[in-house]
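Welcome! Please take a moment to look over the sequence and the 3D structure before reading on.

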Amino acid sequence: ISVDALGALFLFLILIVAAVSALYGIDYLKHYYGKRNIGSAWFSFNVLVAGMILVVLARNAVLFLVAWELMSVSSFFLVLFDREKKEAAKAGMVYLIATHIGTLFLMVMFILLAKNSGSFDFSSWQPAFTGIMPSIIFLCALAGFGTKAGFMPMHIWLPEAHPAAPSHVSAVMSGVMIKMGIYGILRILTFLGTPCSSWGYLMIGIGAISGVLGILFALAQHDLKRLLAYSSIENMGIIAMGTGLGILGMSVNNMFLTVLGFTGGLLHAVNHAFFKTLLFLGAGAVYHETGTR
């Protein structure tokens with residue numbers, strides 16, 4: 001495990017959002033004392049935060065996948081917090097299936113990366129790929145990490161899971177957990193050398209579709225937390241567009257475009273982490289007092 005500049009930025013977001021959400025959750029869950037197993041909910045919350053931290057720190061593919069699975073399974077149990085409700089049970093199953101389809105793509109991607117170097121350690125992965133292999137690895141990364149990030153059309157779990165989870169968990173999932181998809185794509189780019197311009201255009205296209213459709217779906221919602229979930233898809237689309245612009249800059253060796261794209265994408269990742277956390281906590285306060293969303 002180690003920390004670099006990219007990891008440090010996401011670590012900062014994880015620790016701040018998790019701490020604020022945990023403090024909020026103490027009072028929010030008082031209503032459920034005697035009705036739910038609060039201890040197991042806090043255990044899952046802590047495992048979720050630990051999993052995200054380990055994803056950012058991991059420098060080995062096997063450790064990364066273990067951390068990714070910890071993050072995914074613990075958040076699944078948190079989505080099932082109100083499992084007596086039919087929609088919560090459905091949301092949990094949709095999320096579990098979607099996240100493991102994504103993990104399958106990540107396993108293929110890591111195997112291809114390790115096969116080239118003979119090691120699962122990130123430090124041994126050099127950009128020495130030829131032919132179509134880098135594009136296959138990037139597409140696997142986009143499918144695997146894009147599912148977690150909620151890019152359309154891989155977003156199906158997000159509008160189901162976020163409303164079902166307790167509000168402080170929704171804040172963590174939307175504020176930082178889906179950002180692990182962005183972190184993963186950026187991390188994999190460091191192993192693939194100079195990217196193809198088509199990768200950048202693909203990211204911009206997916207980002208534009210997610211951005212436009214995400215906000216259109218959000219406008220049609222009558223459930224406050226579901227609205228915010230679709231808004232998260234829109235904002236992840238904006239981050240994807242910035243990332244795509246950065247990739248495009250790298251492919252044509254334009255430093256200005258590269259810096260502009262990646263800085264814009266990362267700036268909005270920070271921006272969205274804080275404002276979406278606040279919005280979900282606000283929605284939780286409304287739900288807590290009124291009993292309706």
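What follows is a short tour of a few helices and two single residues.

Keep in mind from the start that this is a predicted model.

**Helix α9 and its surroundings**

A good place to begin is helix α9, which covers residues 197-219. How far apart should its ends be? At 1.5 Å a residue, its 23 residues should span 33 Å, and the end C-alpha atoms are indeed 33 Å apart, so the two values agree.

Part of this helix is hidden from the surface. The buried residues of α9 are Trp199, Gly200, Met203, Ile206, Gly207, Ser210, Gly211, Gly214 and Ala218. Several helices help to cover them, including α5 (133-149), α8 (179-189) and α10 (224-251). As a reminder, an α-helix has 3.6 residues a turn, so residues three or four places apart point the same way.

**Two helix pairs**

Two pairs of packed helices can be set side by side.

| Helix pair | Angle | Axis separation |
|---|---|---|
| α5 and α9 | about 20° | 11 Å |
| α7 and α8 | about 20° | 6 Å |

Let us take α5 and α9, which pack at an angle of about 20°. Because angles under 35 degrees count as roughly parallel, α5 is roughly parallel to α9. Their crossing is right-handed. On the α5 side the contact is made by Pro134, Ser135, Phe138, Leu139 and Leu142, while α9 contributes Trp199, Leu202, Met203 and Ile206. Sorted by class, this contact has eight nonpolar residues, one polar residue and no charged ones.

Now for helix α7 (residues 167-177) and its partner α8, with their axes 6 Å apart. These two helices are also roughly parallel to each other. Here Ser174, Gly175, Val176 and Met177 of α7 meet Lys179, Met180 and Gly181 of α8. This contact has three nonpolar, three polar and one charged residues.

**Two residues to find**

Is Thr99 buried or exposed? Thr99 has a relative accessible area of 5%, and since buried means under 20%, Thr99 is buried. Thr99 sits in helix α4 (residues 86-117). Setting aside residues up to four places away in sequence, Thr99 touches Ser72 and Lys148.

Met250, by comparison, belongs to helix α10 and counts as partly exposed, at 30% relative accessibility. Leaving out neighbours within four places in sequence, Met250 is in contact with Gly193, Thr194, Pro195, Thr258 and Phe262. If you would like a sense of distance, the C-alpha atoms of Met250 and Asp82 are separated by 46 Å, and these residues are 168 residues apart along the chain.

Definitions and conventions: Residues are numbered from 1 along each chain as its sequence is written. This is a predicted model: local features need pLDDT of at least 70, side-chain atom pairs count only at pLDDT 80 or more; totals for chains, interfaces and linings use all residues. Side-chain values use heavy atoms; hydrogens and water are left out. Helices (H or I, at least four residues) and strands (E, at least two) are DSSP runs, numbered from the N terminus. Buried means under 20% relative accessible area, exposed over 50%, partly exposed in between (1.4 Å probe, protein chains only). Contact means heavy atoms within 4.5 Å. The expected span of a helix is 1.5 Å times one less than its number of residues. Axes are lines fitted to C-alpha atoms, for helices over the stretch in contact, and angles run from 0 to 180 degrees between N-to-C directions. Angles under 35 degrees count as roughly parallel, over 145 as roughly antiparallel, 65 to 115 as roughly perpendicular and the rest as oblique. A crossing is left-handed if the near helix is turned anticlockwise from the far one by less than a right angle, and right-handed if clockwise. Ala, Val, Leu, Ile, Met, Phe, Trp, Tyr, Cys and Pro count as nonpolar, Asp, Glu, Lys and Arg as charged, and the others, Gly among them, as polar.
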